[in-house]
Amino acid sequence: MKEKEYFEMVINFRRAIMGRRNVRFRRALRMIRETIKRHTGAERVVLDPVLVHSISTNGRDKIVRKVRVAAKKIGEKTYLVTLAVKQA
């Protein structure tokens, strides 16, 4: 599997929203980590605190439907995932 230096993607939280309210936030964070690991072959995924806060802006049981993330390689098999900003 080819390792990528930088890429952006949209992650849909439909599977996380279908579950119980008290586990939605944890499941959404796990979905981000698993998706990045699957696409890059990473062993460690670091989530930016701004990204974590933006997922649950209105409470831990109410999460957003989708999030656009940017993954950047910071070490060998280590990626930093941040909130991607749309450019007009």
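**Exercises on burial, salt bridges and a helix**

Serine 56 counts as buried, with a relative accessibility of 12% (buried: under 20% relative accessible area; exposed: over 50%; partly exposed: in between; 1.4 Å probe, protein chains only). The model is predicted, with pLDDT of at least 70 required for local features and 80 or more for side-chain atom pairs, while totals for chains, interfaces and linings use all residues. Residue numbers start from 1 along each chain as its sequence is written, and side-chain values use heavy atoms, without hydrogens and water.

**Exercise 1.** Locate serine 56 and list its contacts beyond its neighbours within four places in sequence.

*Solution.*
- Step 1: Serine 56 sits in the loop between helix 3 and strand 3. Helices (H or I, at least four residues) and strands (E, at least two) are DSSP runs, numbered from the N terminus.
- Step 2: With neighbours within four places set aside, serine 56 contacts Phe25 and Lys62 (contact: heavy atoms within 4.5 Å).

**Exercise 2.** Find the salt bridges of the structure and, for the pair formed by glutamate 8, give the partner and the N to O distance.

*Solution.*
- Step 1: A salt bridge needs a side-chain nitrogen of Lys or Arg within 4 Å of a carboxyl oxygen of Asp or Glu. The structure holds three of them.
- Step 2: Glutamate 8 pairs with arginine 68, and their closest N and O atoms are 3.0 Å apart. This pair links distant parts of the chain, since glutamate 8 is in strand 1 (residues 6-12) and arginine 68 is in strand 3 (residues 66-75), 60 residues apart.
- Step 3: Glutamate 8 is partly exposed at 34%, and arginine 68 is partly exposed at 33%.

**Exercise 3.** Which residues do aspartate 61 and lysine 77 bridge to, and where do these pairs lie?

*Solution.*
- Step 1: Aspartate 61 bridges to arginine 21, with 3.2 Å between the closest N and O atoms. Aspartate 61 is in the loop between helix 3 (49-55) and strand 3, and arginine 21 is in the loop between helix 1 (14-17) and helix 2 (24-40), so the pair ties together parts 40 residues apart in sequence.
- Step 2: Aspartate 61 is partly exposed at 27%, and arginine 21 is partly exposed at 47%.
- Step 3: Lysine 77 bridges to glutamate 43, with 3.9 Å between the closest N and O atoms. Lysine 77 is in the loop between strand 3 and strand 4 (78-83), and glutamate 43 is in the loop between helix 2 and strand 2 (44-47), so parts 34 residues apart in sequence are tied together.
- Step 4: Lysine 77 is partly exposed at 30%, whereas glutamate 43 is exposed at 59%.

**Exercise 4.** Describe helix 2 by its span, its buried residues and what covers them.

*Solution.*
- Step 1: Helix 2 has 17 residues and reaches 24 Å from first to last C-alpha, close to the expected 24 Å (expected span: 1.5 Å times one less than the number of residues).
- Step 2: The buried residues of helix 2 are Arg24, Phe25, Ala28, Leu29, Met31, Ile32, Thr35, Ile36 and Thr40. Viewed down the axis, they fall within an arc of 155 degrees, so they line one face of helix 2 (arc: that of the directions from the helix axis to the C-beta atoms).
- Step 3: Arg26 and Arg38 are exposed on the face turned away from the buried side of helix 2.
- Step 4: The cover over the buried residues includes strand 1, helix 1, strand 2, helix 3, strand 3 and strand 4.
- Step 5: Glycine 41 follows helix 2 and has a positive phi, near 75 degrees.
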